[in-house]
Amino acid sequence: MGKRSRKRVEVEASPTSRAERDAARARRAAAAERSKQQGVRKPKPGRTSIDDRPPAPWGSFPLVELVVLLALILLVGGFIVRGERGATMVIGGLALGSLAGIELSIREHFGGFRSHTTLLAAVTAFAAGALTYVITRDRTAPIIAAAVVFMPAFWIYRQVFTRRTGGVGFRR
C-alpha cells in the first residue's frame, strides 16, 4: 500500500454550535420516529411500493392467491396422473394460473401501479386469433388477425396507462 498524504486540511469554523446541530439531529430523529409510527413513508421518485398496489374489488379475501394455489395443485396432479385426465388437469392448471396473472395485470395496469401494456396487448391479440380460428378454421388467418390487433391494442393500453399515471409511460 502506498503512503497517504498527511496534509491537514483547514476546516472552516461551522456557523452553528455543536448544541444546535445535536438539537437539529434530535428533531429529525423524532420526526422520523413519528412518521414510522403513523405509517407515513417517503417513496422514491418513479418507483412504486407494495403499499401503492390497487386493492382488489373483493376486499382482503385472497382470491388470486387461492386460484394460483389451485392451479399449482392441478399442474402437479396432472403430471402425476397419466392419460387423458392428467392432460386435462395440466390444461386446467395452466388456464387458471393464466387467468390469475391476467387479472392481477389488469388491476395493476388500470390502477396506474405498473405498466403491463405488452402482456395485455398480447392477450388481446391471442383472443382475436383464437376467435378468428374458431370462425374460419384456417391456419394463417388467426396469425394475421393477431398481428393486426396487437399494435392498436398496445397503443391503446399505453395511452390508458399514461392517462392514469399523469404522463408516466411506464413504472418499475
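Let me begin with Asp22, which forms a salt bridge with Arg25, the closest N and O atoms lying 2.8 Å apart; by salt bridge I mean a side-chain nitrogen of Lys or Arg within 4 Å of a carboxyl oxygen of Asp or Glu. Before going further, I should say that this is a predicted model, in which local features need pLDDT of at least 70 and side-chain atom pairs count only at pLDDT 80 or more, while totals for chains, interfaces and linings use all residues. Residues are numbered from 1 along each chain as its sequence is written, and side-chain values use heavy atoms, with hydrogens and water left out.

Asp22 and Arg25 both lie in helix 1, 3 residues apart, which is about one turn of the helix; helices here are DSSP runs of H or I with at least four residues, strands are runs of E with at least two, and the numbering starts from the N terminus. Asp22 also forms a salt bridge with Arg18, where the closest N and O atoms are 3.9 Å apart. Those two residues are 4 residues apart in helix 1, which covers residues 18-38, so about one helical turn separates Asp22 from Arg18.

As for accessibility, Asp22 is partly exposed, with a relative accessible area of 35%, and Arg25 is partly exposed as well, at 46%, whereas Arg18 counts as exposed at 62%. The classes are buried for under 20% relative accessible area, exposed for over 50%, and partly exposed in between, computed with a 1.4 Å probe on protein chains only.

How many salt bridges does a search of the whole structure find? The search finds 3, and the one I have not yet described is in helix 3, where Glu103 pairs with Arg107 and the closest N and O atoms are 3.0 Å apart. Glu103 and Arg107 are 4 residues apart in helix 3, residues 84-110, and are therefore separated by about one helical turn. Here Glu103 is partly exposed, with a relative accessible area of 21%, while Arg107 counts as buried at 16%. Returning to helix 1, salt bridges that share partners join Arg18, Asp22 and Arg25 into one network. As general background, side chains of opposite charge can pair when their charged atoms come close.

Let me now turn to the chain as a whole. The protein chain has 5 helices and 0 strands, and read along the sequence it follows the pattern α-α-α-α-α. Of its 172 residues, 20% are buried. The chain exposes about 13500 Å², and carbon and sulfur atoms supply 64% of that area, the areas coming from the Shrake-Rupley method with a 1.4 Å probe. Among contacts between residues at least 6 apart in sequence, 56% join residues at least 24 apart, where a contact means heavy atoms within 4.5 Å.

Next comes the largest pocket, in which about 180 Å³ of space lies. On a 1 Å grid over the protein atoms alone, a pocket is an open set of points where a 1.4 Å probe fits, with protein on both sides within 12 Å along at least five of seven lines, and lining residues have an atom within 4 Å of a point. The pocket is lined by 14 residues, and those nearest its centre are Ala56, Val64, Glu65, Leu104 and Arg107; this is the Arg107 that forms the salt bridge with Glu103. Helix 2 and helix 3 each supply at least two residues of the lining, and the largest share, 3 residues, comes from helix 2.

Helix 2 covers residues 63-80 and includes Leu63, which is partly exposed, with a relative accessible area of 34%. From C-alpha to C-alpha, Leu63 and Ala100 are 8.8 Å apart in space, although 37 residues apart in sequence.

Is Thr117, in contrast to the surface residues, buried or exposed? At 2% relative accessibility Thr117 counts as buried, and its place is in helix 4, residues 117-136. Not counting residues up to four places away in sequence, Thr117 touches His109, Phe154, Tyr157 and Arg158.

Finally, Arg137 lies in the loop between helix 4 and helix 5, the latter being residues 141-165, and it counts as exposed at 59% relative accessibility. Arg137 has a positive phi of about 55 degrees although it is not a glycine. For context, most residues other than glycine have a negative phi.

How values were computed:
Points joined across faces, edges and corners; volume = space filled by probe spheres on them.
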